[in-house]
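Reader: Hello! I am new to this structure and would love a close look at one part of it. Could you walk me through the helices towards the end of the chain?

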Amino acid sequence: MAAERSAYIDNIKGILICLVVAGHMLITFTTLTDSKAILALTNFIYTFHMPLFLFCSGLFAARSFKDGRGFRLDNVLLYLLLFVLFYTAAYCEDLLLGNARTYNPFEVSSGAWYLLTLGCFVACTPLLAKLRWPVALVGSLVLSVGCCLFVDDPNLLANARFFTYLPVYAVGFYLESGAVLSWRKRFDERGRPFRWSLIFTAAVVLVLYFLLLYGVPDDISLMIRRLCTGANTLPALQKTYPLSAGVYALLRLASYLLIALISIAILVITPSRHSFLSTVGERSLQVYIVHLLLYYAWQRFGLPEAMLSIGAWVGIVFPFVIGVLTAFLLALPAFPNKWVAALRRLCARAMPRTEHEPRHLKEG
């Protein structure tokens, strides 16, 4: 029997996918205007939206090992197939729009990185399951810093994003969804004054962080964003910032504390009751894939420039209004999810399951 979905987790994913859509629009506007508000909003969103997405993916990864079901190799194949299909579709779209480029799925700088990275994370879960959580987390942090210190080509198989987000995925894996849902249940059972005071505190943290990004020089705000994403290798950053390896390593580690702080604030303010965000979150994968194809066309036809010609305020309001509306509309049709489900069944028939059980589940 299929596991019952959590409206709270779906609401988190719903908020995040709306911010993904808005963030892609905002980051385009940052190349066309010097508005500090647009840059600060972009850097604010990019601090946490993909790390928190991959944290949520990690929360449910341990399910593959429970109840004797074994490790799901079919999930690895599914995400890799989705990556190839999406990369090919985006390449064909570019050709149709007159933007010829080389077909090279090994160099991944577009939104396809998420599907490739997620498939690689799923492939790594047997290793995470055999390691004790302190060893895995420390090891993933060392790999993250080491990769970003020495890798010259961060787009090769999206390696920089893989190593940057591996510690976040691992935290979700070891916590599991039950721990987060149990915390949320206790939170909802507390008195209203306590809940609202904590929500207010989380909101203040988010506002203060945005004001910080708005107030600091643009190059510092941009560096914070790059440290929290996959565009953060030392060779790339040294082209703009004179950082030593030691300082960079400390900043990399500090960025995880920042990601954790902002992500916890988002978890606190997210509602737990079913809403339209739950529908969007439940189908966030199809929203992610389809919106990118629309986004590439939106860029190609020069619509961002036309919108900003109306006024800079359009670059602030439009992404959030259209982001929420686009995510909701793309989540409505059921057929993309059915196609993914059919592809999943095909992968399940093609790939066996291995029998593993995580060390932390055995000891629990």
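Author: Happy to; here is a walk through three helices and what covers one of them. This is a predicted model, where local features need pLDDT of at least 70, side-chain atom pairs count only at pLDDT 80 or more, and totals for chains, interfaces and linings use all residues. Residues are numbered from 1 along each chain as its sequence is written, and side-chain values use heavy atoms, leaving out hydrogens and water.

Let us begin with helix H8, residues 218-227; helices here are DSSP runs of H or I with at least four residues, numbered from the N terminus. Its buried residues are Ser221, Met223, Ile224, Arg225, Arg226 and Leu227. Buried means under 20% relative accessible area, exposed over 50% and partly exposed in between, with a 1.4 Å probe and protein chains only. The cover over these buried residues includes helix H1 (7-30), helix H2 (36-59), H7, helix H9 (234-237) and H10.

Two of those partners deserve a visit. H7 spans residues 192-215 and holds Phe200. Phe200 counts as exposed because its relative accessibility is 59%.

H10, residues 245-269, has 25 residues, so at 1.5 Å a residue it should span 36 Å (the expected span is 1.5 Å times one less than the number of residues). Its end C-alpha atoms are 37 Å apart, which agrees. Among the buried residues of H10 are Tyr248, Arg252, Tyr256, Ile259 and Val268.

As a last stop outside these helices, Cys148 is buried because its relative accessibility is 0%, while Cys92, at 38%, counts as partly exposed.

Conventions: Helices (H or I, at least four residues) and strands (E, at least two) are DSSP runs, numbered from the N terminus. Contact means heavy atoms within 4.5 Å.
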